[in-house]
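Welcome to this tour! Open your viewer, keep the selection box handy, and follow along stop by stop.

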Amino acid sequence: MTEQQQTTIASQPKKFSVDDYAKGVDKSSVRTAALAAMAVKAEGEYRKYAATLINLISLRRETFNPGKLKIGDIIAPGAMGDQNSVYQLQNYVVGLSREGLAVDGNNDLDLNRSFSKVDYFDLLHGQKVRNNVQPEVSSRPVDFVAVLIPLASFSNNLPDGQQVTEDPIWLFGSRDKQALILSKKDANGIHYRYIPVAGLRQDADGAVSFQVRNWAEDFPLRYFEDADFAVPLSSRTAWLNDWHTESEWLNAIHKTRYSNAIIGVSEQIQRHPVFDEGDKGLSVDELLIRRFRQRQRHLAEPDLLILANDHWNFDVRGFNPGGNHGSFFRVSTNATFMLAGGDKTGIPRGLAVERPYDTMSFMPTILRLMGKIDDKNQPNNEMLEQGFRKFPGRVVSEILENKYVDPDISK
């Protein structure tokens, strides 16, 4: 593939006419050269990664000398290894026990007696300061912890489990105040459901158990008791016990304390494929590089996401409430989108859009105004030739039509 790209680059003109610039021929040339450079770089990175794997599997007990080893030679920089499971995080080994190494009746190492362990979730929740001089600020730095759990771990004990298609997200506020974010994808997009639970545990075989709780105050994200939750109190239990689209959730929660957290947490820690699985006609080398890139992303995924309480910060370089560009509080997620244009742009004058949108709406809205994408966010032929595909996000239709058309109603 790289050889073909180099041949294409060599055959391309070095100078371009005014018409070439208008058609984007110059950009195509630059793009081809950039793709070739990326392919060369990716191949080099993969060779280095493969070398560390060979070194790792070549280690032998009889010749093992830790003093002569360099970690970078056997573990690739940036490779964090497979994620710890919830069971491993709830039984995390931190050192030898007071008894030291012990064996069981079969003379096998007794893991429970030999090692001291901590439950990371209880440990993080239990962090507390004693000298808090601000009475309106919580003495607990950690708000809640979010973890992605494989769907297969839940067996058949999920409410509406047959509808769930994505890995559930567990939010740990305390042993008694926890939640599960369930999601499913279908032809109409992605839907979410939020379930209050308690006492979630995972056993050594990976099976997850928990108790579903009735709606009450102080579950993670605190939507049920939020006065700005755009669902009447008398209907909240029924609404929260059902599935809703992203736009339905955003319309209901955008004014609450935790703003778009249902969507934001999911986007933050759900797995997202690097490439489109539907791409065809790829060479063996291209498929290998894609597997490598996907593996790179997987190895860099975190075990858990720790969210700071309001006015606490885990990054001394910045002072955003709840963390540095990692908070889901409304004050941290607000953004302003302003447009100005003349009569030829078609942009309404003095229009204030009241319905909430997220930043994914910016690009498709601009491109629709330019006539570059259709009403389904599909790029025109010119953009398709440049490698663009369907754009995610909802177009701010009030700007285009001076009226809102809810996609969930207009279907």
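Which residue stands opposite Ile190 in E6? Select the two partners and you will find Lys185 across from Ile190. Before going further, note that this is a predicted model, where local features need pLDDT of at least 70, side-chain atom pairs count only at pLDDT 80 or more, and totals for chains, interfaces and linings use all residues. Residues are numbered from 1 along each chain as its sequence is written, and side-chain values use heavy atoms, with hydrogens and water left out.

**The whole protein**

Show everything as a cartoon. The protein has 16 helices and nine strands; helices (H or I, at least four residues) and strands (E, at least two) are DSSP runs, numbered from the N terminus. Of its 411 residues, 33% count as buried. Buried means under 20% relative accessible area, exposed means over 50%, and partly exposed is in between (1.4 Å probe, protein chains only).

**Strand E6 and its partners**

Now select residues 189-202, which make up strand E6. Here 11 of the 14 residues are buried, so E6 is largely enclosed by the rest of the structure. Two strands pair if DSSP finds at least two bridges between them, and E6 gives you several pairings to look at.

- Add residues 178-186: this is strand E5, which pairs with E6 in the antiparallel sense over nine bridges. The two form a hairpin with two residues between them.
- Add residues 208-212: this is strand E7, joined to E6 by four bridges and running antiparallel to it. Look for Gln202, which stands opposite Val208 in E7. This hairpin has five residues between its strands, and Gly206 takes a positive phi near 100 degrees.
- Add residues 244-245: this is strand E8, which pairs with E6 in the antiparallel sense over two bridges. Thr245 in E8 is the bridge partner of His191.

While the side chains are on, keep a general rule in mind: in a regular strand they alternate between the two faces of the sheet.

**Salt bridges**

A salt bridge here is a side-chain nitrogen of Lys or Arg within 4 Å of a carboxyl oxygen of Asp or Glu. By this rule the count comes to 11.

Select Asp143 and Arg222, whose closest N and O atoms are 3.6 Å apart in a salt bridge. Asp143 lies in strand E3 and Arg222 in the loop between E7 and helix H8, so the pair ties together parts that are 79 residues apart in sequence. Is each partner buried or partly exposed? Asp143 is buried, at 9% relative accessible area, while Arg222 is partly exposed at 26%.

Next, select Arg47 and Glu43, which meet in a salt bridge of 3.0 Å, N to O. Both lie in helix H3 (residues 25-57), four residues apart, about one turn of the helix. Arg47 is exposed, with a relative accessible area of 57%, and Glu43 is partly exposed at 34%.

For a network of salt bridges, select Glu99, Asp110 and Arg113 together.

**Last stop: helix H13**

Select residues 362-369. In this helix, H13, the buried residues are Pro364, Thr365 and Leu367. Seen down the axis, they fall within an arc of 170 degrees, so they line one face of the helix; the arc is that of the directions from the helix axis to the C-beta atoms. Gly371 follows H13, with a positive phi near 75 degrees. Finally, pick out Lys372 and Glu382, a salt bridge with its closest N and O atoms 3.2 Å apart.
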